[in-house]
Amino acid sequence: YLKISKLALAFAIIHSKPPGKSCKEYTEHLARTVSEQDFEWKSKVEVLEAEVLRLRQELLLNKICPRFCLENNACAETLTDQECINPMSYSSQLEDSGCDVSNDYAFDSLGAASDFHQSEHNVSTSKRWLERVPPLSLCCTSKGESLTAPVQFLQHLLEIRKLSEGGILQADFRELENDSYTICNSVSQLLAGLVVFYNSPEFPVSHVVTEGVCVLTSLITDTKLSNVVLKKCFKKFEEFKKNLIQIILRISSINRFQALHAISHTLVLLGRNNILRDSLITLLLSEVRQFAEQLLQAYQIQAMYDITQYENIFPLCMILEQLLQNEIEESSISSADYGGEEKIKFLKNLDQIILHLSDEFPLFSLYLWRVSVLLNSAQIQ
């Protein structure tokens, strides 16, 4: 049937070919026309899908809390006591060559902003926020603005959560369990948007991107919402962590250290959740172990190794060290032990690897030793 269809199409093209054009030229022209039409339809479908998701988001919020109405003509003015940082605080990064982050305030403020859910709001501020909540937006003219809709939706969700906990609103969060599509798609859009940004970051960082990191952290550290979100979106978070780790390893631009710092900070923030932390430690142990084995092999046969990847492995070592320290400080090591097989692989022959690499690569060997000490300390505890 397929062969007959192709033959019929070929005859149709030959018979309808305008004079002065070869069959090949006419076929290519038809292919371009069809391709353009497909692209237009895909664009229309994407817009309609985004509109459907926005309506589902509004419907879900209204089901959770009927008093939380999102008026289409609501004021788009931001909060007077805005909880996320001012994007102007990043302006100092433009003066930085990227070889050193001399002003750590810019990225450290990501951590401070991510703690906004811990600040207490008084009743009048919360009510004013409800009256002035901006409508969910479909604006996507840039990488940062493409995050606007999911960020706003999740911000509204967190605000309802805080107000309901304070007794200001009555909310029924069982609807989140019933409408997994909306919450999963919103989180997926946010994660995908952050990956796009980190693949080719722009400085100063868009405030929407910063708010996205804030919302993501608040979402996974919220005692009640995180249970629902992780249950529905755990695979998305796992994929997100893998993507960020790979971006760290392969980024090769000269002025890449600001981006490395930002991505590393995001991974540390994800590690605030015990479930995500344990799986993240396992991923990092695997990457560091594989690199150490490859470096040892290259050293033994005097082969060339990737200097850029060698430089980029240190952020992963620092993240791993910080997460292990957090595990020990919180005394959250279970009798089942995290890492499991990957931890055994990491510690196996580690002393020999450190012994062979210590002269040529002392800093990397030191990090390997520090990680092994933390792993053994956690086991003893």
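How much accessible surface does the chain have, and what share of that surface belongs to carbon and sulfur atoms? The surface comes to about 20,400 Å², and carbon and sulfur atoms account for 55% of that area. I should say at the outset that what we are looking at is a predicted model, and that everything I describe this morning was computed from that model.

Let me begin with the chain as a whole. It has 15 helices and zero strands, and of its 381 residues, 44% are buried. If we take the contacts between residues at least 6 apart in sequence, 79% of them join residues that are at least 24 apart.

I would like to turn next to the aromatic residues. The structure holds 11 aromatic pairs, and one of them is formed by F291 and F364, whose ring centres are 5.5 Å apart with the planes at 90°, so this pair counts as edge-to-face, the cut-off for that class being over 60 degrees. Because F291 belongs to helix α11, residues 274–300, while F364 belongs to helix α15, residues 362–380, the pair ties together parts of the chain that are 73 residues apart in sequence. Both F291 and F364 are buried. These two phenylalanines are also members of a cluster linked by ring pairs, in which we find Y299, Y305, Y310, F314, F361 and Y367 as well.

Y367 deserves a second mention, since the charged end of R370 sits over its ring, 5.7 Å from the centre. Elsewhere, the charged end of K44 is placed over the ring of W41, at 4.9 Å from the ring centre.

Now to one helix in particular, α8, which runs over residues 207–221. With 15 residues at 1.5 Å a residue, α8 should span 21 Å, and since its end C-alpha atoms are indeed 21 Å apart, the expected and modelled values agree. Helix α8 is mostly covered, with 13 of its 15 residues buried, and its N-terminal end is capped by S206, which has a side-chain oxygen 3.2 Å from the backbone nitrogen of V208.

Finally, two loop residues have backbone angles that I would ask you to look at. Q302, although not a glycine, has a positive phi of about 55°; this residue lies in the loop between α11 and α12, and because its relative accessibility is 65%, Q302 counts as exposed. N349, likewise a residue other than glycine, has a positive phi near 60°, and its place is in the loop between α13, residues 341–347, and α14, residues 350–357.

Notes: Residues are numbered from 1 along each chain as its sequence is written. This is a predicted model: local features need pLDDT of at least 70, side-chain atom pairs count only at pLDDT 80 or more; totals for chains, interfaces and linings use all residues. Side-chain values use heavy atoms; hydrogens and water are left out. Rings of Phe, Tyr and Trp (its six-membered ring) pair if their centres lie within 6.5 Å; planes under 30 degrees apart count as stacked, over 60 as edge-to-face and the rest as tilted. Helices (H or I, at least four residues) and strands (E, at least two) are DSSP runs, numbered from the N terminus. Buried means under 20% relative accessible area, exposed over 50%, partly exposed in between (1.4 Å probe, protein chains only). A charge sits over a ring if NZ of Lys or CZ of Arg is within 6 Å of the ring centre and within 35 degrees of the ring normal. The expected span of a helix is 1.5 Å times one less than its number of residues. A polar contact is a pair of N or O atoms within 3.5 Å; within protein, one must be able to donate a hydrogen and the other to accept it, and residues adjacent in sequence count only if both atoms are side-chain atoms. Contact means heavy atoms within 4.5 Å. Accessible areas come from the Shrake-Rupley method with a 1.4 Å probe; for residues, only the protein chains shown count as cover.
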